[in-house]
Amino acid sequence: MKGRFSIALLLLVACPSVEDPGFPPPDVDDDDAVDDDDAGDDDDAGDDDDVSAIPPTFLRFVSPEDDDVLQFAHTIVLEADGDAPGPVEVTLDGAELDTTSFNQTTGRARVDLDTVLHPDGVYTLRAELTEHDLDDEIDVQLLNGDLLIYELSPGALDSEDHPPVQLQVPEVGVSMQVQVDFAPTPNTEFAFGVVRESNGLYAIGGVPAPQYPTGASAAPPWAGGVPNHPNRDWPTGEYTFWPVANEEMNGAEATITAIVKRAFEEPVIGTLDLDLYFSPGCGLTASTAPTHNDFGAFLGHIDGILQQAGITLGTLRYFDVSGASFDVLNSHGEFMDLLATGVPSSDRTLDLFFVTNVDLNAGPNINVLGVSAHRPGPALRHGTLQSGVAVETPRIFNGNEDLAAHTAAHEIGHFLGLMHTSQVGGEEHDNLDDTVESCDASDCWGTNLMDPLLDPGGPNETITDDQTFVLLRHPLVQLIE
């Protein structure tokens, strides 16, 4: 807290009387032996100038110290001596942070630094007492990365009375993913969350927010993100969260995590790291896949598809699925159990599982080739029932690795937040302006990577600009500036 102190000086002046004109008589001039500079004038040993302020002799940083690493908010503390050091100016690489005064009791001054408003790097902090020609400077490292993680706790879920949780999103935020963790009950049917900014204009999850359609979740963690449309502004500032669930889950404990992605330029390019998991019997293992020619071609084709959105595949890690065999996925329950076999961590990677057959009932005459846990999938979460996507391997080996790569890229697109361009039956379409409807009541055809069915003439792998906007804003895509 900045403190200001002042000293009140009371000046007593003797007023001349009527008989005393207040100046020397005519016969006593200023040049006499007893002039104004004698021992009795204002300059003598007892005059007012003897009660003068002691000037400062030093100025230094108390906190942070030289070469410190700073994250999120930090209070800069300065120290100086003297009675009244005066205003001190603090700059970060030459840009003014604040000008403040010293507390005369403690001899210290404080300035707040919000490190998330500046790109990562080494900066010079400089403080100056210009009135006294004193200064001090140190070098500090700002290190936040492009993801700001806020752990929030609303308590118990409730289907009607949702406890609100607030968060201040910094102005450099370009997107935010909200994750709601909850303890499932035997009667769990769905759970989802809602987030609105201060004016109530933006929301995700559930019926109140058709502009940001996000699926409900039958298992934790639920995830939803904003913005997912380039024509809607991203309003930073104060947000309020309401975790929502069905009545059967009333009382279930829940926590909220908000992951804010920050950028200092418009997101254009990025990388995506993958953790590759191989189930027993799928034809590949963690040791054979890295040198398998067909698998290498498969990964290269995925990379080529995603590069339309400015995304390249980054680090690839290989794992074998341990425990029970998930060679054939016969239900969504088995699929979620497969995802839970991932290595628990908070690494910034997407889990891609390989099985022999995805035998899920999606409708008559529909053969499912891959499946994604959620739209969007939760970032930085591994070993949960919602952590990843799964695809079949046989097409990798029978000359159809391009078809297998299309399927994998399609499921990755779901996990990063993309909807189908249309749903089978033509009753629902995505809300992006530059995608084309790909289904009507009786048929579907090829228009885009996110078509629900493969066109008999071959899959269309197009990714539009609006879809690119969504993909680049998922927390798993590491932006390159």
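This passage looks at one helix, the nonpolar cores and a strand pair in a predicted model.

Helix α1 is a good place to start. Spanning residues 293-306, this 14-residue helix reaches 20 Å from its first C-alpha to its last, close to the 20 Å expected at 1.5 Å a residue. Its buried residues turn out to be Phe-295, Phe-298, Leu-299, Ile-302, Asp-303, Ile-305 and Leu-306. Looking down the axis of α1, these fall within an arc of 165°, so they line one face of the helix. As for the general rule, an α-helix has 3.6 residues a turn, so residues three or four places apart point the same way. What the buried residues of α1 pack against is a mix of strands and helices: β16 (269-278), β17 (311-320), β19 (350-355), α3 (394-397) and α4 (401-415).

Several of these elements come back in the largest nonpolar core, which has 47 residues. The members that touch the most others are Leu-272, Phe-295, Phe-298, Ile-302, Leu-350 and Phe-354. At least two core residues come from each of β16, α1, β17, β19, β22 (389-392), α4 and α5 (465-472). Take Phe-354: setting aside neighbours within four places in sequence, its contacts include Phe-295 and Phe-298, along with Leu-276, Phe-278, Cys-282, Val-391 and Ile-396. There is also a second, separate core of 22 residues, with Tyr-150, Trp-222, Ala-254 and Val-260 among them.

On to strand β15 (residues 253-262). Eight of its 10 residues are buried, so β15 is largely enclosed by the rest of the structure. Strand β11 (residues 173-182) pairs with β15 in the antiparallel sense, over nine bridges. In one of these pairings, Gly-173 has Arg-262 of β15 as its bridge partner.

Definitions and conventions
Residues are numbered from 1 along each chain as its sequence is written. This is a predicted model: local features need pLDDT of at least 70, side-chain atom pairs count only at pLDDT 80 or more; totals for chains, interfaces and linings use all residues. Side-chain values use heavy atoms; hydrogens and water are left out. Helices (H or I, at least four residues) and strands (E, at least two) are DSSP runs, numbered from the N terminus. The expected span of a helix is 1.5 Å times one less than its number of residues. Buried means under 20% relative accessible area, exposed over 50%, partly exposed in between (1.4 Å probe, protein chains only). The arc is that of the directions from the helix axis to the C-beta atoms. Contact means heavy atoms within 4.5 Å. Two strands pair if DSSP finds at least two bridges between them. A nonpolar core is a set of buried Ala, Val, Leu, Ile, Met, Phe, Trp, Tyr and Cys residues joined through side-chain atoms within 4.5 Å.
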